[in-house]
Amino acid sequence: MTITAPRAYKRIATEEGWATPEMMKMYVKILETKSINDPGFYSLWGFFGQSQAPRALDLFNRIQDMGERRLADMDAAGIDMQLLLLTSPGVQVFDAPTATALAISTNDQLAATIAKHPTRFAGLAAVAPQAPQAAARELERAVQQLGLKGAVINSHTQGEYLDDEKFWDIFAAAEALDVPIYIHPNTPSPQMIEPFLSRCLDAAIYGFAAETGLHALRLILSGVFDRFPKLKIVLGHLGEGLPYWLYRIDFMHAGIVRSNRSDGVKALKRKPSDYLRENFYYTNSGMAWEPPITYVQKLMGHDRVMYAMDYPYQYVAEEVTAMDNLPLSDEHKKMFFQTNAEMIFKL
Ligand code: MN
């Protein structure tokens with residue numbers, strides 16, 4: 001299906017997955033040798049074990065194709081530009097030196113791909129939170145020398161969350177560079193995944209949102225946005241469920257602060273929902289559905305919600321048509337598909 005109707009906006013898709021053959025080979029090796037202890041990783045990539053399955057094989061091929069096939073898929077669905085994010089869990093499953101080196105080589109390859117098709121691709125840098133200072137330096141290099149537009153971090157890193165101050169050099173760098181960090185889902189951390197597994201709820205059906213929403217709330221309650229007030233975080237999937245919870249989070253957070261229940265919860269300068277409104281941006285990846293899109297636009301502002309497809313995982317051309325038909329003014333539709341992404345990622 002080719003969508004050719006003239007339109008007054010570019011479609012920029014802002015959470016589009018890619019991977020290097022090098023990283024995929026390393027994933028296969030981990031899976032075969034069972035050399036890491038994260039059931040989420042096996043759940044997410046274990047399909048390599050049955051890679052004859054048509055969907056697995058299709059994803060495996062599409063995610064690594066950075067040329068003709070990807071461009072043809074974009075043309076067929078009417079996508080003008082993809083913002084590329086190294087697919088989850090990226091480099092975060094490896095040891096620190098391996099992950100740091102792999103982030104550098106991956107970002108170099110991404111920049112080379114973008115240089116070949118500068119009107120079709122832009123990208124976010126991979127960083128290795130396992131080595132926070134090196135990650136901060138790599139983010140600087142990726143933005144200043146390679147022209148990448150921010151960083152992607154796939155939620156927890158081997159069970160650790162970015163609210164731990166040992167990671168905050170990364171946030172200091174992002175704030176200083178004035179680039180966003182996209183907190184992309186990962187499967188629930190090893191500490192929380194068990195009850196998800198037997199009903200296959202660990203991945204995109206629900207576990208991603210539980211994990212990533214938790215991560216975002218941990219960040220807010222840690223006070224990271226009081227320390228770095230200009231830090232910009234992007235969440236996919238319309239905010240991983242959090243927009244629905246604002247009232248109750250604010251109400252209960254105030255009570256927890258008053259009760260002095262934990263050293264882990266201190267008074268913040270503002271309400272939790274204020275940070276979600278002013279430090280966060282949202283994409284509708286995987287959520288091509290009018291009610292929550294218009295709800296998040298109403299709650300967070302039309303200038304904070306961007307279009308995303310989540311290629312190749314949710315490559316559904318009909319969803320693009322559905323998004324074209326959202327009940328939005330011409331101005332708001334152009335913001336959703338094009339100009340918000342241009343502003344936030346400086347495209
Ligand atoms: Mn995604």
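Me: In this predicted model, how many of the residues of E1 are buried?
Reply: A residue is counted as buried when its relative accessible area is under 20%. Judged by that cut-off in the predicted model, strand E1 is mostly covered, and the number of its 7 residues that are buried is 7.

Me: In what order do the strands of the sheet that holds E1 stand?
Reply: The sheet is open and its pairing is parallel. Its edge strands are E1 and E3, the latter spanning residues 121-123, and each of them pairs on one side only. Neighbouring strands are turned by 35 degrees against each other on average, direction ignored, and the order of the 3 strands is E1-E2-E3.

Me: Which residue of E2 is the bridge partner of Gly17?
Reply: Strand E2 covers residues 81-86 and runs parallel to E1, to which 5 bridges join it. Within E2, the bridge partner of Gly17 is Leu85.

Me: What angle does the direction of H5 make with that of E3?
Reply: Two helices can be described against this sheet, and one of them is H4 (residues 68-77), which lies across E1, E2 and E3 and runs at about 130 degrees to E2. Helix H5, made of residues 96-116, packs on the sheet and touches E1, E2 and E3. The angle between the direction of H5 and that of E3 is about 155 degrees.

Me: Which residues are the protein donors of the manganese ion?
Reply: Along the chain, the donors follow the spacing E-x168-H-x125-D. The pair Glu15 and His184 links distant parts of the chain, since Glu15 belongs to strand E1 (residues 12-18) while His184 sits in the loop between strand E6 (181-183) and helix H8 (194-197), 169 residues apart. The donor atoms lie 1.9 to 2.3 Å from the ion, and they come from Glu15 (OE), His184 (NE2) and Asp310 (OD).

Me: Is the donor His184 buried or exposed?
Reply: The cut-off for a buried residue is a relative accessible area under 20%. Glu15, with 1%, is buried, and His184, at 11% relative accessibility, also falls under that cut-off, so His184 counts as buried.

Me: Which strands stand at the edges of the sheet of 6 strands?
Reply: This open sheet has the order E4-E5-E6-E7-E8-E9, with parallel pairing. An edge strand has a single partner strand, so one side of it is left without a neighbour in the sheet. At one of these edges, E4 is joined by 2 bridges to E5 (residues 151-153), with Ala125 and Ala151 as bridge partners. The strands at the edges are E4 (125-126) and E9.

Me: On which residue is the kink in H16 centred?
Reply: Helix H16 (residues 330-344) has 15 residues and reaches 20 Å from its first C-alpha to its last, close to the 21 Å expected at 1.5 Å a residue. The helix nevertheless has a kink of about 55 degrees, and the residue at its centre is Phe336.

Me: Against which elements do the buried residues of H16 pack?
Reply: The buried residues of H16 include Lys333, Phe337, Gln338 and Asn340, and Phe336, on which the kink is centred, is also one of them. The elements they pack against are E1, strand E8 (280-283), helix H14 (290-300), strand E9 (305-306) and helix H15 (317-324).

Me: Where is Pro312, which follows a cis peptide bond, placed?
Reply: Most peptide bonds are trans. The bond from Ser88 to Pro89 is cis, with omega near -5 degrees, and Pro89 lies in the loop between E2 and H5. The bond from Tyr311 to Pro312 is likewise cis, with omega near -5 degrees, and the place of Pro312 is in the loop between E9 and H15.

Me: In which helix is His237, with its positive phi, found?
Reply: Most residues other than glycine have a negative phi. Gln158, in the loop between E5 and helix H7 (168-177), has a positive phi near 50 degrees and, at 47% relative accessibility, counts as partly exposed. His237 has a positive phi of about 55 degrees but counts as buried at 16% relative accessibility, and the helix in which His237 is found is H11.

Key
Residues numbered from 1 in each chain as written. Predicted model: local features only at pLDDT ≥ 70, side-chain atom pairs only at ≥ 80, totals over all residues. Heavy atoms only, no water. Donors = N, O, S within 2.8 Å, 3.2 Å for Na, K, Ca; no water. Helix = DSSP H or I, 4+ residues; strand = E, 2+ residues; numbered from the N terminus. Buried < 20%, exposed > 50% of the residue type's maximum accessible area, 1.4 Å probe, protein only. Expected span 1.5 Å × (residues − 1). Bend = angle between axes of the 7 residues up to and from the residue. Contact = heavy atoms within 4.5 Å. Pairing = 2+ DSSP bridges. Axes fitted to C-alpha atoms, helices over the stretch in contact; angles between N-to-C directions.
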